[in-house]
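The following exercises are to be worked with the sequence and coordinates at hand. Each task is followed by a solution in steps.

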Amino acid sequence: MFIKDYISKDFPCFHLSDSIESAREMLEAFGYSHIFIKKSSHFYGALAKDFLYESDGPIKNLEHQIERFAILEDHNIIESIKLFYTFNANVVPVISKNEKYQGYITCEDVFQTFSKYPLFSETGAILTVETPARKYSMTEIANIVESNNSKFYGGFISFMSDEFIQITIKISTGNLASIDATFDRYDYRIVEKYYTDDKTDLLQDRLGFLQKFIEI
C-alpha cells in the first residue's frame, strides 16, 4: 500500500507565472479541490479552489494563500488520510525525497483501496466501546468478540484521554447480545452501536466507518 503504487500523473503542477484563469479551467475539468504549484523545479505548495475565483492574473497574486502539504512517494497510503481531512482536500500531491512533483493521489483512490478489506467490505456491526486508559487492550477486545463466536474485522482508537479510551471496532453480526453482555462484564461501556443487515445500506456502512477512520 505504498503511495508510489497509486500515483496518477495527468494533473499538471503550475508555475507562479501561469494564469489563474488557466488553473481554474484545469481544476474545473478535473473536479479537484486544489491546484499544485512548483517554484523552479521543486514543489512549492497547493492552492484551494475557492481562492481561484477571488482574482485574475498570474497565480503569484495568490501566493499568500498557498498551503504547504504533500506526501512522499515511498510513504504508506494510510498516511495520506490525515492530509485529506486536515486540508479539506480530495486530492493530495505526491513528491520525491528531493521535493520534485511526481503526481497525485485522490480520496477515491484511498476509498477504493480500503473498501477491498474486510474492515470496510464486510457487512457487520460497528461498536464504539470505552474503557479506562490504564486497562486498554485491543487483544482483550478482540478476544471478547471472538469468544462469543463472532468475527473481529478490525478497529482503531477513536478517542483518547488520560482517563479513558474509546475504541471503534467492526465485527460480524452474530451473537451481538452476548457480546454486549461480555463487554459489560469486563467493565467496558458501549458508547455507540450501529448495525444493519440490509444489503442496500452496505455502502453507507462502509462510508460511515471510513469517515470515522478519517476523523482520527
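## Confidence of the model

This is a predicted model; its mean pLDDT is 88, and 90% of the residues reach 70 or more. Residues 197-203 have a pLDDT below 50, and beyond near neighbours in sequence this stretch has seven contacts in the model.

## Exercise 1. The buried face of a helix

**Task.** Determine which residues of helix α5 (residues 138-146) are buried, and establish how they are placed around the axis.

**Solution.**
- Step 1. The buried residues of α5 are Ile141, Ala142, Ile144 and Val145.
- Step 2. These residues span an arc of only 155 degrees around the axis, which puts them on the same side of α5.
- Step 3. An α-helix has 3.6 residues a turn, so residues three or four places apart point the same way.
- Step 4. The cover over the buried residues of α5 includes strands β7 (125-132), β8 (152-160) and β9 (164-171), together with helix α6 (176-185).

## Exercise 2. Two nonpolar cores

**Task.** Identify which members of the largest nonpolar core touch the most other members, and describe the surroundings of Phe36.

**Solution.**
- Step 1. The largest nonpolar core has 37 residues, and those touching the most other members are Phe11, Ile35, Phe36, Leu47, Leu52 and Ile59.
- Step 2. Strand β5 (residues 91-95) gives the most to this core, namely four residues.
- Step 3. A second core, separate from it, has 14 residues, among them Ala125, Leu127, Ile144 and Ile171.
- Step 4. Leaving aside residues up to four places away in sequence, the contacts of Phe36 include Phe11, Pro12, Phe43, Val91, Val92, Tyr101 and Tyr104.
- Step 5. Pro12 lies in the segment before β1 (13-15) and, at 30% relative accessibility, counts as partly exposed.
- Step 6. Pro12 and Phe36 are 24 residues apart in sequence, yet their C-alpha atoms are 7.4 Å apart in space.
- Step 7. Not counting residues up to four places away in sequence, Pro12 touches Met26, Phe36 and Tyr101.

## Exercise 3. Salt bridges between separate elements

**Task.** How many salt bridges does the structure hold? For the pairs of Arg24, Glu130 and Lys193, state the partner, the distance and the elements that are linked.

**Solution.**
- Step 1. The structure holds eight salt bridges.
- Step 2. Arg24 pairs with Asp56, the closest N and O atoms being 3.2 Å apart. Since Arg24 lies in helix α1 (residues 20-30) and Asp56 in the loop between β3 (42-48) and β4 (71-72), the pair ties together parts that are 32 residues apart in sequence.
- Step 3. Buried means under 20% relative accessible area. Arg24, at 17%, therefore counts as buried, whereas Asp56, at 44%, counts as partly exposed.
- Step 4. Glu130 pairs with Arg189, with the closest N and O atoms 3.1 Å apart. This pair links distant parts of the chain, with Glu130 in strand β7 and Arg189 in strand β10 (residues 189-195), 59 residues apart.
- Step 5. Glu130 has 14% relative accessibility and counts as buried; Arg189 has 46% and counts as partly exposed.
- Step 6. Lys193 pairs with Asp180, the closest N and O atoms being 2.8 Å apart. Lys193 lies in strand β10 and Asp180 in helix α6, so the pair ties together parts 13 residues apart in sequence. Lys193 is partly exposed, with a relative accessible area of 45%.
- Step 7. Lys39, Lys60 and Glu63 are linked in a network of salt bridges.

## Exercise 4. Residues in loops

**Task.** Is Ser96 buried or exposed, and which residue joins its side chain in a polar contact? Then locate Asn88 and Asp187, and give the phi angle of Asn88 and of Asp187.

**Solution.**
- Step 1. Ser96 lies in the loop between β5 and β6 (101-106); at 7% relative accessibility, Ser96 counts as buried.
- Step 2. The side chains of Ser96 and Asn98 are joined by a polar contact of 2.3 Å.
- Step 3. Not counting residues up to four places away in sequence, Ser96 touches Leu72, Glu73 and Gln102.
- Step 4. Most residues other than glycine have a negative phi.
- Step 5. Asn88, although not a glycine, has a positive phi of about 50 degrees. Asn88 lies in the loop between α2 (81-86) and β5 and, at 68% relative accessibility, counts as exposed.
- Step 6. Asp187, also not a glycine, has a positive phi of about 65 degrees. Asp187 is found in the loop between α6 and β10 and is exposed, with a relative accessible area of 59%.

Methods. Residues numbered from 1 in each chain as written. Predicted model: local features only at pLDDT ≥ 70, side-chain atom pairs only at ≥ 80, totals over all residues. Heavy atoms only, no water. Buried < 20%, exposed > 50% of the residue type's maximum accessible area, 1.4 Å probe, protein only. Helix = DSSP H or I, 4+ residues; strand = E, 2+ residues; numbered from the N terminus. Arc of directions from axis to C-beta. Contact = heavy atoms within 4.5 Å. Core = buried A, V, L, I, M, F, W, Y, C linked by side-chain atoms within 4.5 Å. Salt bridge = Lys/Arg side-chain N within 4 Å of Asp/Glu carboxyl O. Polar contact = N/O pair within 3.5 Å; in protein donor to acceptor, adjacent residues only side chain to side chain. pLDDT = per-residue confidence, 0-100.
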